[in-house]
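Please look over the sequence and the model below before reading on. The text after them goes through the fold step by step.

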Amino acid sequence: MLFGSATGMFALAAALTVMIGGAQAANEGKYPNWRGQWDTYSPRLGGQSIKFDPNKAFGPAQQAPLTPEYQKIHEESMADQAKGGQGNFLDHAKCIPGGMPSMMSTPTQEYIITPETTYISTGSDLRRIFTDGRPWPADLVPTYQGYAIGKWIDEDGDGVYDVLEVETRGPFKGPRAHDATGLPLHFDNESTFKERFHLDKNDSNLLHDEITVFDHALTRPWSVDKTYRRNPNPYPSFSRVSCMEGTNQVVIGKENYFLSADGLLMPAKKDQAPPDLKYFKQTQK
């Protein structure tokens, strides 16, 4: 997943900092307190931490209601990963944003509430949920995170909003996946997501994202409760590391290779053929 230019990210951070101060003053008493860093709740069940249902192990254990065609795509993806490849998660190795819904499984998140827009920063991706009552645009530009419109609800009538209901539509850029095993969404990129965000009734430091996926790769809508715990540190250290800084993956065509510590290209899979070097002058032996 890719931050974009460092200059652009710093400018965004500065603008949001100014916005937060003014918005929090205006929102006191009306909007819920979702400030701070939220850490993804993901029990240690083995394997990848980026998974759609945090209460189940990754991969097949997610029990995704995939159609036979997309079940096969997932099996092939995991088989390729078992050999050292990236399978259906290849774009992640190229530092392309994960988008919806995998971005909602990233380790840390921040929620920035203003009357018109709620922002969800996942470190490398940014969601904008418009809550100003706007209609759906007629012509949407494809994005990885989609276009989201939300509505605040005061369910108990105490004058403070309790729930944020959100619908997110495409067209999306893709391919995207539910989790790091490449558990697929349909390649038509016509997903729709419906969510209910709210604090836990018994623990104000636990945030729920009840999310349902509507996608043509599924035989039925798939719903899970994604949960996040507020970090008690009043000065959390939000990551400033971009994907490009930490990856050793090099994607050429549809194959991923590995960059060694000495800067040389290595195979990622056993007996992997080298990339086509036809544009390089070959040394005569």
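The paragraphs below take up the strands, the core, the cavities and some points of backbone geometry.

The model is a predicted one. Its main sheet is a barrel: nine strands close up in the order β1-β2-β3-β4-β5-β6-β7-β8-β9, with mixed pairing. Direction ignored, neighbouring strands of this sheet are turned by 30° against each other on average. Strands of a sheet pair through backbone hydrogen bonds, and the pairing is either parallel or antiparallel.

Several of these pairings can be followed one by one. Strand β1 covers residues 37-40 and runs antiparallel to strand β9, residues 222-230, with three bridges between them. In this pair, tryptophan 38 has arginine 230 of β9 opposite. Strand β9 is also joined to strand β8, residues 206-214, by eight bridges, and this pair is antiparallel. Here leucine 206 stands opposite arginine 229 in β9.

Elsewhere in the barrel, strand β2 (residues 108-113) pairs with strand β3 (residues 117-121) in the antiparallel sense, over four bridges. Glutamate 110 faces its partner, serine 121, in β3. Strand β3 in turn pairs with β4 over five bridges, again in the antiparallel sense. Threonine 118 has isoleucine 129 in β4 as its bridge partner. The hairpin of β3 and β4 has four residues between the strands, and in this hairpin glycine 123 takes a positive phi near 90°.

What is the direction of the pairing between β4 and β5? These two strands run parallel and are joined by two bridges. Isoleucine 129 has a bridge partner in β5 too, namely alanine 148. Strand β4, residues 126-130, is mostly covered, with four of its five residues buried.

A second sheet comes later in the chain. Three strands make up this open sheet, in the order β10-β11-β12, and their pairing is antiparallel. Its edge strands, β10 (249-252) and β12 (265-267), each pair on one side only. Neighbouring strands here are turned by 45° against each other on average, direction ignored. Four bridges link β10 to strand β11, residues 255-259, and valine 250 stands opposite tyrosine 257 in β11.

Next comes the packing of side chains. The largest nonpolar core has 32 residues, of which Trp34, Met104, Tyr111 and Phe197 touch the most other members. Two or more residues of this core come from each of α2 (68-82), β2, β5 (147-153), β6 (163-169), β7 (192-199), β8 and β9. Tryptophan 34 has contacts with Tyr111, Ile113, Trp152, Leu164, Phe197, His198, Leu199, Leu207 and Arg230, not counting residues up to four places away in sequence.

Proline 101 is another residue to look at. It sits in the loop between α3 (90-93) and β2, and a cis peptide bond with omega of about 5° joins methionine 100 to it. Is proline 101 buried or exposed? Its relative accessible area is 1%, so proline 101 is buried. Apart from neighbours within four places in sequence, proline 101 is in contact with Phe52, Ala177, His178, Leu185, Phe193 and Ile211. Proline 101 and arginine 176 are 75 residues apart in sequence, and their C-alpha atoms are 8.1 Å apart in space.

Rolling a probe the size of a water molecule over the atoms shows where empty space is left. In this model there are two cavities of 30 Å³ or more. The largest cavity holds about 80 Å³ of space. Among the residues that line the largest cavity are Asn88, Phe89, Tyr144, Pro175, Arg176 and Ala177.

The last points concern the backbone. Most residues other than glycine have a negative phi, and most peptide bonds are trans. A cis peptide bond joins glycine 170 and proline 171, with omega of about 10°. Proline 171 lies in the loop between β6 and β7. Asparagine 189 is found in the loop between β6 and β7 as well, and its phi is positive, near 55°. With a relative accessibility of 13%, asparagine 189 counts as buried. Glutamine 63 also has a positive phi near 55° and lies in the loop between β1 and α2. Glutamine 63 is exposed, because its relative accessible area of 55% is over 50%.

Note on methods: Residues are numbered from 1 along each chain as its sequence is written. This is a predicted model: local features need pLDDT of at least 70, side-chain atom pairs count only at pLDDT 80 or more; totals for chains, interfaces and linings use all residues. Side-chain values use heavy atoms; hydrogens and water are left out. Two strands pair if DSSP finds at least two bridges between them. Axes are lines fitted to C-alpha atoms, for helices over the stretch in contact, and angles run from 0 to 180 degrees between N-to-C directions. A nonpolar core is a set of buried Ala, Val, Leu, Ile, Met, Phe, Trp, Tyr and Cys residues joined through side-chain atoms within 4.5 Å. Buried means under 20% relative accessible area, exposed over 50%, partly exposed in between (1.4 Å probe, protein chains only). Contact means heavy atoms within 4.5 Å. On a 1 Å grid over the protein atoms alone, a cavity is a set of points where a 1.4 Å probe fits but cannot get out, and a pocket is an open set with protein on both sides within 12 Å along at least five of seven lines; lining residues have an atom within 4 Å of a point. Grid points are joined across faces, edges and corners, and a volume is the space filled by probe spheres set on the points.
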